[in-house]
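I opened a fresh notebook page for this one. Below is what I looked up, entry by entry.

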Amino acid sequence: MIFEAELKNGRFVVPECPKCQKLVWPPSDSCTRCFGNTVWRTADEPGTLVEYSAKDGKLFCMVEFENSIRVMGALECDKAPAVGQKVRVLSCGFDNSPRFTFSPE
Amino acid sequence: MNRVAIVGYSDTKFSSDDIPIESSMFAAVKGLFEQTPNISQGDIDAVLTSTNDNKKYLSPIISEMSGIAPKISHNVENLCNSGTNATVSAFSYIASGLADVALVVGAERFDSPGQVLQWDDSRGEFKHPIFWASMFTKAHKRKFGTTDEHLAYVSAKNHRNALDNPTAYSPKEYSIEEIMNSKKLTDDLRLLDCSRPCTGSSAILLASEKMAKKFTDVPVWISGIGQKTTSASFTKNDLTTIESTRLAAHDAFLMSNTSPQKIDVAEIHDAFTICEIMVLEDMGFTQKGKAGQFVLDLYNTNDKKINPRGGLIGAGHPLGATGIAQVSEITKQLQGKAGKRQVESPKVGLVQNMSAAATSSTVLVLES
């Protein structure tokens with residue numbers, strides 16, 4: 001899938017159906033409404049921090065993009081995070097699973 | 001639609017045993033045959049297995065090992081609510097007239113591949129259940145003021161209830177302080193907030209009205225069924241409401257003409273402490289934000305109404321067996337055969353079983 005290949009190149013892309021003008025998530029080559037092929041484009045940033053917690057001192061979180069796409073990743077920030085704050089993709093990749101690191105805008 | 005009753009059951013000890021899934025399932029089936037009067041292999045029209053194990057053709061294998069040549073035999077897999085999905089399938093075969101008697105047996109091993117949903121890329125690298133459970137917990141704390149102490153009471157109650165369950169995996173009493181000081185897994189969850197994967201098997205026997213009396217004088221009827229899948233991916237759903245359970249419960253109450261207030265005893269899918277709190281709220285047992293206090297009151301009054309066998313936290317969580325063990329427990333309760341953990345004279349019981357970050361739920365109402 002293009003999603004994985006683009007992540008390996010450090011680009012976070014999302015699938016959109018050109019016919020339905022609808023984002024598809026989790027990522028897929030097909031539209032969940034019309035079953036047509038999706039096209040891939042860069043996700044609009046910034047995203048919004050939905051929730052976070054931490055394991056072994058490392059923050060993990062859920063971030064929402066374009067009011068519809070929610071994804072989990074690591075969170076790097078100097079100050080205490082706040083739900084609702086704007087964040088950007090600091091880095092992304094793919095190693096068996098998507099890897100995202102977000103940071104405050 | 002034909003009425004369908006639960007007329008037999010058997011549960012193996014939930015453990016860390018490294019045994020083949022076939023052996024585990026066979027042990028539960030053998031126990032069911034030993035405990036069910038007048039049963040013979042020729043009575044059984046359908047054999048449904050329930051597991052996330054990678055072994056193939058399990059229902060025919062278990063059928064042959066048990067001397068059964070059923071009309072219908074297949075496996076049901078739906079992660080953690082595989083067991084109640086198999087139960088609903090068996091119900092449907094009997095209700096439609098395709099079968100009169102169905103054997104449902106679920107099992108899992110401690111190392112089940114069903115513990116993590118690899119498909120869900122929206123979880124990124126955070127695919128272990130501890131991460132979605134932490135998101136639920138943090139969001140519920142933030143919105144409703146739920147505390148670590150509220151969570152600890154869920155664990156304390158269910159571990160204590162498990163003391164009277166001879167098949168439980170974790171029958172040990174813990175104080176609130178011990179739970180709140182147990183190993184910190186994330187900022188929001190500790191070790192004793194979690195159910196444990198384990199090895200175990202449970203079996204139940206379902207029968208039509210015309211066959212039920214052959215096996216028991218106290219059949220327990222399935223009067224309500226609700227099922228809902230909102231998604232497979234975790235991140236699509238609200239973090240403070242389990243929508244799949246809310247909708248499934250609504251349908252189950254409607255079908256059975258009951259309500260949360262009429263439920264005398266319930267088995268709830270407490271994969272994590274926060275799950276019991278959210279499920280009680282979303283099924284309407286309490287208002288949103290009030291289940292923490294509700295559980296605290298159950299604990300302080302030693303009321304076993306919710307999760308009398310110890311839930312998943314006390315009894316263990318062998319995924320494919322869990323939903324069937326829940327049905328087995330509520331059947332025993334409604335028959336007045338639950339021993340030391342018997343709730344006083346229950347007439348209406350409920351089972352709530354869910355899977356994959358609460359994206360799919362089954363709710364059953366059972367009546368004596």
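**Entry 1: a buried residue with positive phi.** I started at Ala356(B), which counts as buried because 23 C-beta neighbours lie inside 10 Å. The cut-off I applied for buried is 20 or more other C-beta atoms within 10 Å. I found Ala356(B) in the loop between β8 (348-355) and β9 (360-367) of chain B. Its phi caught my eye: the value is near 45°, positive although Ala356(B) is not a glycine. I also noted for myself that this is a predicted model.

**Entry 2: another positive phi.** Next I looked up Asn38(B), again a residue other than glycine with positive phi, here near 65°. Asn38(B) sits in the loop between α1 (21-35) and β2 (46-50) of chain B. Is Asn38(B) buried or exposed? I counted 9 C-beta neighbours inside 10 Å, so Asn38(B) goes down as exposed. The limit for that class is 12 or fewer.

**Entry 3: cis peptide bonds in chain A.** I then went through omega angles. The bond from Trp25(A) to Pro26(A) is cis, with omega near 0°. Pro26(A) belongs to the loop between β2 (22-23) and β3 (39-42) of chain A. I wrote down a cis bond between Glu45(A) and Pro46(A) as well, where omega is about 5°. Pro46(A) is in the loop between β3 and β4 (47-55) of chain A.

**Entry 4: Ser53(A) and its surroundings.** I moved along to Ser53(A), which lies in strand β4 of chain A. With 22 other C-beta atoms within 10 Å, Ser53(A) is buried. What does Ser53(A) touch, leaving aside neighbours within four places in sequence? I listed Phe60(A) from chain A, and from chain B Ser134(B), Met135(B), Lys138(B), Thr186(B), Asp187(B) and Asp188(B). For a sense of distance I also checked Val13(A): it is 40 residues from Ser53(A) in sequence and 25 Å away in space, C-alpha to C-alpha.

**Entry 5: where the chains meet.** Ser53(A) made me curious about the whole contact between the chains. I got 21 residues of chain B in contact with 18 residues of chain A. On the chain B side, I sorted the residues into six nonpolar, six polar and nine charged.

**Entry 6: the domains of chain B.** The domain assignment splits chain B into domain 1 (4-113 + 198-219) and domain 2 (115-194 + 224-367). The centres of domain 1 and domain 2 of chain B, taken over C-alpha atoms, are 23 Å apart. I counted 34 residues of domain 1 of chain B in contact with 34 residues of domain 2 of chain B. On the domain 1 side, β1 (4-11), α3 (82-96), β4 (101-108) and β5 (200-208) of chain B each bring at least two residues. Which element gives the largest share of that side? I found it to be α3(B), with seven residues. By class, this side of domain 1 has 13 nonpolar, 18 polar and three charged residues.

**Entry 7: α3(B) against α12(B).** Having met α3(B), I followed it to helix α12 (residues 319-335) of chain B. The two pack at an angle of about 60°, with axes 5 Å apart. The pair is therefore oblique. From α3(B) I noted Ser82(B), Gly83(B), Thr84(B) and Thr87(B), and from α12(B) a list including Leu319(B), Gly320(B), Ile324(B) and Val327(B). This contact has four nonpolar, seven polar and no charged residues.

**Entry 8: α4(B) against α9(B).** Helix α4 (residues 129-144) and helix α9 (residues 273-282) of chain B pack at about 55°, their axes 9 Å apart. That angle makes α4(B) oblique to α9(B), and the crossing is left-handed. Ala133(B), Phe136(B), Thr137(B) and His140(B) of α4(B) meet Ile274(B), Ile277(B) and Met278(B) of α9(B). I sorted these into five nonpolar, two polar and no charged.

**Entry 9: α5(B) against α10(B).** My last lookup was helix α5 (residues 148-162) with helix α10 (residues 291-300) of chain B, at about 40° and with axes 9 Å apart. I filed α5(B) and α10(B) as oblique, with a left-handed crossing. Among the residues that meet are His150(B), Tyr153(B) and Lys157(B) in α5(B), and Val295(B), Leu296(B) and Tyr299(B) in α10(B). By class, the contact has seven nonpolar, two polar and one charged residues.

Notes. Residues are numbered from 1 along each chain as its sequence is written. Chains are lettered from A and ligands numbered from 1 in the order in which they are written. This is a predicted model: local features need pLDDT of at least 70, side-chain atom pairs count only at pLDDT 80 or more; totals for chains, interfaces and linings use all residues. Domain bounds come from an automatic or database domain assignment. Two residues are in contact if their C-beta atoms, placed from the backbone, lie within 7 Å. Helices (H or I, at least four residues) and strands (E, at least two) are DSSP runs, numbered from the N terminus. Ala, Val, Leu, Ile, Met, Phe, Trp, Tyr, Cys and Pro count as nonpolar, Asp, Glu, Lys and Arg as charged, and the others, Gly among them, as polar. Axes are lines fitted to C-alpha atoms, for helices over the stretch in contact, and angles run from 0 to 180 degrees between N-to-C directions. Angles under 35 degrees count as roughly parallel, over 145 as roughly antiparallel, 65 to 115 as roughly perpendicular and the rest as oblique. A crossing is left-handed if the near helix is turned anticlockwise from the far one by less than a right angle, and right-handed if clockwise.
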